[in-house]
Amino acid sequence: MNTKYYTITALNKAIKNMFDEKRELNNIHLKGEISNYKHHTRGHLYFTLKDDNSQLSAIMFFSNAKNLLFEPKDGMKVLVTGKVSVYETGGTYQIYVTEMLEDGLGNLYLEFEKLKKKLADEGLFNKEYKKTIPRFPLKIGIITAKEGAAIRDIISTIRRRFPIAETILFPALVQGADAKNDIVAKIKLANTYPLDVIILGRGGGSIEDLWAFNEEIVARAIFASEIPIISGVGHEIDFTISDFVADLRAPTPTGAAELAVPNTSDVISLIEQLRIRLIKAMNIKINLNYEKLKNLQNSYVIKNPLSLYEKLEQNFDNLYERLKRAINNQIIYNNERLKTIKGSFIFKNPKMLFADKAYNYNDLIKRCSSTIEKILENKKNNYVHLLGKLEVLNPITTLKRGYTVTKMNDKTVNTIKSIKKEDVIITLVSDGEIESVVKNIYENN
Amino acid sequence: MDKKKINFEENIKKLENIVHELESGNVALDEALEKFSEASKLSKECDDKLKEVSESVNKILNADGSLEEFKIEE
């Protein structure tokens, strides 16, 4: 008998090697439901992953389990990453889990990152679109749930810090499937009120609870708001898409109220400071002007006002002399011109201006009448010529010469083809008509 | 003067502008005096508004569009 018997250990070791050589098994992603969950006192987690038909043992060592963001429970759907290998001692294979997320949640994270990137690429988070938050808002819109800590925190913070500010609450659903549409509607509604700023808030909760604030339509409504919006959603660590697109992000609803309004005492001391500076600036101004006034009062002119007058007197004399001289020069010049004109030849022989004009007139008359006579002569000749032509063409004249015109039925007969035997024809002669019956017709040759 | 209609934001801004202008010293005396009295008025208005003793006004918008007082337990 040469049959070889292996030990169990050897077999399990060999099978383990087979598993470990499969690269796909070394880093595998699985989804399933947790059952038989045990949290060992030393910190390791033991559980079973299953779906409708199969199950798989799972272990998560403390070194990985300490990073979990949630407390696993039986029935919870999860997404795990790990290595499938063999537990030699038990002869079982199992998954050694390194990372585990709540199922659905994993998708939410992906959606969040995708939307964040999309909106960032579109520029919705850009600084240049952030509206300035007024420093002293007197009318504040609040969009949050009517019940709960958030609205209480916001209102009590505003009352404590800046009680002269009025608030209007636009109650909104802040979780659940209808929340996103309700928040969008309330942002639009709030924009129809004369508000200085809007606080968009919600208390803490799970990522699903806060999800409405990660919806694209909510982000776009915040972006489109004409009134600046301060977001305060969840706790310090929670960042939502709304926070990125809002004009100002506060870590919590209380924080949002603190950013929205100043402390009354700070404002009072600001005004006091401004008043002090105002008075100081005014004092400086008055002192400067007083100094100026004193300087002017001490000036030579003020002390010797007549000196101003003396100078003007001298100027006046000077100008008066120049004026007198200029007028005399003008009179002399004009007298000279008058003399020259009086002595000129034309002035003494004014008829010279008309002599050649009279000659031109007579000549023009002569030329006109001879042209008119020529035109009349031409017209007369034309008339006589046309009269002769007319005489030649007159048909009566032709008839007088012995020619006749033959008609039948009022139509002139030009050819034998238009008549036949026994037709009655009319012959026109110079002094009357002849009615005849056709006896014969002969064609020329 | 209707105190509710004071634009706090604008008044403080105007006040600050006047203070800056006067501090710069580039204002003629007549104008400076005018601005000084305007600024004094503005600061008094803002101050009065802040010190006005009144209950803070908190309202809620009802579904029917009406506004009513909103009370919270503190």
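Leaving aside its neighbours within four places in sequence, which residues is Ile143(A) in contact with? Select Ile143(A) and display Phe170(A), Ala172(A), Ile183(A), Lys186(A), Ile187(A), Ala190(A), Ile198(A) and Leu200(A), which answer the question. Contact here requires C-beta atoms, placed from the backbone, within 7 Å.

This is a predicted model: local features need pLDDT of at least 70, side-chain atom pairs count only at pLDDT 80 or more, and totals for chains, interfaces and linings use all residues. Residues are numbered from 1 along each chain as its sequence is written, while chains are lettered from A and ligands numbered from 1 in the order in which they are written.

Next, widen the selection to the largest nonpolar core, which has 65 residues. Such a core is a set of buried Ala, Val, Leu, Ile, Met, Phe, Trp, Tyr and Cys residues joined through C-beta atoms within 7 Å, buried meaning that 20 or more other C-beta atoms lie within 10 Å of a residue's own. Ile143(A), Ile154(A), Ile198(A), Ile199(A) and Ile222(A) have the most contacts inside this core. Helix α10 (residues 264–297) of chain A supplies its largest share, six residues.

Then select Ile34(A), Leu45(A), Leu49(A) and Met100(A), which are included in a second, separate core of eleven residues.

Turn now to the interface, where 29 residues of chain B are in contact with 30 residues of chain A. On the chain B side, α1 (8–24), α2 (29–51) and β1 (58–61) each give two or more residues; α2(B) gives the most, with nine.

Finally, select strand β7 (residues 166–171) of chain A together with β1(B): they pair in the parallel sense over three bridges, pairing requiring at least two bridges found by DSSP. Thr167(A) stands opposite Asn58(B). Helices (H or I, at least four residues) and strands (E, at least two) are DSSP runs, numbered from the N terminus.

How values were computed: Contact = placed C-beta atoms within 7 Å. Buried ≥ 20, exposed ≤ 12 C-beta atoms within 10 Å, placed from the backbone.
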